[in-house]
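I opened the notebook to record what I looked up in this model, entry by entry. The order follows my own checks.

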Amino acid sequence: MWAEIVIDVVLAGGVITLAALSLVVRQVFTAIVLYISLGLMVTIIWTRLNAWDVAIAEAAIGAGLTGALLLVAWRRLHEKEDVNDVSEAGNSGNRV
Amino acid sequence: MFLKLETRETGSDVGLSTLACFLLGVVITTLSAALIIAVIVSDKAAPELASLAMQNLNTSGVENPVTAVLLNFRSYDTLLEIAVLLIVAVAVLPDQCFAGKTSLPAKRFLSRNVKHQVNPVLAGLLKWLVPLALLVGGYLLWIGAYAPGGAFQAGAVIAGAGVALSLAGQHDFTWQTTSVRITLSLGLLVFIVVAAINNLITGTTLQYPVSYAGLFILIIEVAATISIAAILLLLFVCLKAIAEPAREGDTQ
């Protein structure tokens, strides 16, 4: 009984903390990692609510594929900055 | 370079003035508060709907109430969801983002890129992981009729296998062929065909006859799983191709 309450309080507090952090944090990469963690924690909450269908969907789509999409999009931002750096330095076309 | 990205983001040139940001915040807060109040006030309908679904479960053709609601009682919603996914796929379908990357156009959906060296541990892991993910996807699809699972979850797991292959870099995906485009739209096509056949049999579009409901739902779910997996993989692979356009070009 008490263990369940403690687990629920930790999950509820954790999900709000992760949501707030992923919005507040400055670095894009950190925000993405926090968002993926948020998805995993929401998955655990769905299992606590006995909503296994939603939990599977959240784990596979919410945490997994959305995370992968965000990371690839982050890499695209990263590459653009990289190109700008190279062209500003004046040695364009020498990038690996 | 990351510092530069960071400073650009922390700058105030987001295109909105302070007043606009404030008003936007007020609007979003009001909408969120309204939604929360709406959820608190309207707590009557949900339990009745749940018991209604459980009562009619034996007429749905499946034993899992969630699948029964998604693909029988409210299958119109699922039909439109699959249509929305197809629209997303059409929107991101690569037309030129692969042009120039491969010199000879690959005819097959999945082609092996031998030039790219892969860590043997990663290659060995993928040999186990990809078939396992396909198996889990098929299991989730099949078990969806009896227990938690279903087309969306199965499609996402299968797409995950494709994402792992794509990230390892030894395989390229081609989206230009006609067969791939049929695969992308297969879910919606089969759904509409089943609805049309159902209309011929019973006279109603999405009210399946009890004896055929299980078969119809299975056919729709198999087609939907294939399409969902292909569409989710397309989203990832196309974004990745835009993210690293110069990988092949540099070596030539």
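**Entry 1: a position in helix α4**

I started with N72(B), which sits in helix α4 of chain B. The model is a predicted one, and I kept that in mind for each entry. Is N72(B) buried or exposed? I noted it as buried, because its relative accessibility is 11% and the cut-off for buried is under 20%. I then listed what N72(B) touches beyond four places in sequence: T59(B), S60(B), T67(B), L206(B), Y208(B), A213(B) and I217(B).

I looked at L70(B) next, as helix α4 of chain B holds this residue too. L70(B) has a relative accessible area of 39%, so I put it down as partly exposed. With neighbours up to four places away set aside, L70(B) has contacts with S75(B) and T78(B). I also checked L70(B) against I217(B): their C-alpha atoms are 9.8 Å apart, with the two positions 147 residues apart along the chain. I217(B) is among the residues that N72(B) touches.

**Entry 2: chain B as a whole**

I counted the elements of chain B and got 10 helices and 2 strands. In sequence order they read α-α-α-α-α-β-α-α-β-α-α-α. The chain has 252 residues, and 37% of them are buried. Among contacts in chain B with a separation of 6 or more, 75% join residues 24 or more positions apart. The exposed area of chain B is about 14800 Å², with 71% of it from carbon and sulfur atoms.

**Entry 3: the nonpolar core**

I went to the largest nonpolar core, which has 55 residues. Which of its members touch the most others? I wrote down W175(B), L184(B), F191(B), Y208(B) and L232(B). Two or more residues each come from α3 (52–89) of chain A and, in chain B, from α4 (65–73), α5 (75–92), α6, α7 (151–168), α8 (178–202) and α9 (210–243). I noted that α9(B) gives the largest share, 15 residues. As a general remark, nonpolar side chains in soluble globular proteins tend to be buried together. Y208(B) also appears in my first entry, as one of the residues touched by N72(B).

**Entry 4: a nonpolar patch on the surface**

I then turned to the surface and found a nonpolar patch made of L122(B), L125(B), L129(B), L132(B), L135(B) and V136(B). Together these residues have about 520 Å² of accessible area. I took V136(B) as the example and placed it in helix α6 of chain B, residues 120–143. V136(B) has a relative accessibility of 35% and so is partly exposed. Helix α6 of chain B is also one of the elements that give two or more residues to the core.

**Entry 5: salt bridges**

How many salt bridges does the structure hold over all chains? I counted 2. In general, side chains of opposite charge can pair when their charged atoms come close.

One pair is D8(A) with R48(A), whose closest N and O atoms are 2.8 Å apart. D8(A) belongs to helix α1 (residues 2–24) of chain A and R48(A) to helix α2 of that chain, so the pair ties together parts 40 residues apart in sequence. D8(A) is partly exposed, with a relative accessible area of 35%. R48(A) is partly exposed, at 35% relative accessibility.

The other entry is D77(B) with R74(B), where the closest N and O atoms are 3.2 Å apart. I recorded D77(B) as partly exposed because its relative accessibility is 34%. R74(B) is partly exposed as well, at 48%.

**Entry 6: a backbone angle in chain A**

I stopped at N50(A), which has a positive phi of about 65 degrees and is not a glycine. Most residues other than glycine have a negative phi. Where does N50(A) lie? I found it in the loop between α2 (28–48) and α3 of chain A. N50(A) counts as exposed, because its relative accessibility is 58%.

**Entry 7: cysteines**

I looked for disulfides and found 0 over all chains. I noted two cysteines of chain B anyway. C21(B) is partly exposed, at 37% relative accessibility, whereas C238(B) is buried, at 7%.

Notes: Residues are numbered from 1 along each chain as its sequence is written. Chains are lettered from A and ligands numbered from 1 in the order in which they are written. This is a predicted model: local features need pLDDT of at least 70, side-chain atom pairs count only at pLDDT 80 or more; totals for chains, interfaces and linings use all residues. Side-chain values use heavy atoms; hydrogens and water are left out. Patches are made of residues with over 30% relative accessible area and no salt bridge: like charges are joined within 9 Å, nonpolar side chains (Val, Leu, Ile, Met, Phe, Trp, Tyr) within 5 Å. Accessible areas come from the Shrake-Rupley method with a 1.4 Å probe; for residues, only the protein chains shown count as cover. A salt bridge is a side-chain nitrogen of Lys or Arg within 4 Å of a carboxyl oxygen of Asp or Glu. Helices (H or I, at least four residues) and strands (E, at least two) are DSSP runs, numbered from the N terminus. Buried means under 20% relative accessible area, exposed over 50%, partly exposed in between (1.4 Å probe, protein chains only). A disulfide is a pair of cysteine sulfur atoms within 2.5 Å. A nonpolar core is a set of buried Ala, Val, Leu, Ile, Met, Phe, Trp, Tyr and Cys residues joined through side-chain atoms within 4.5 Å. Contact means heavy atoms within 4.5 Å.
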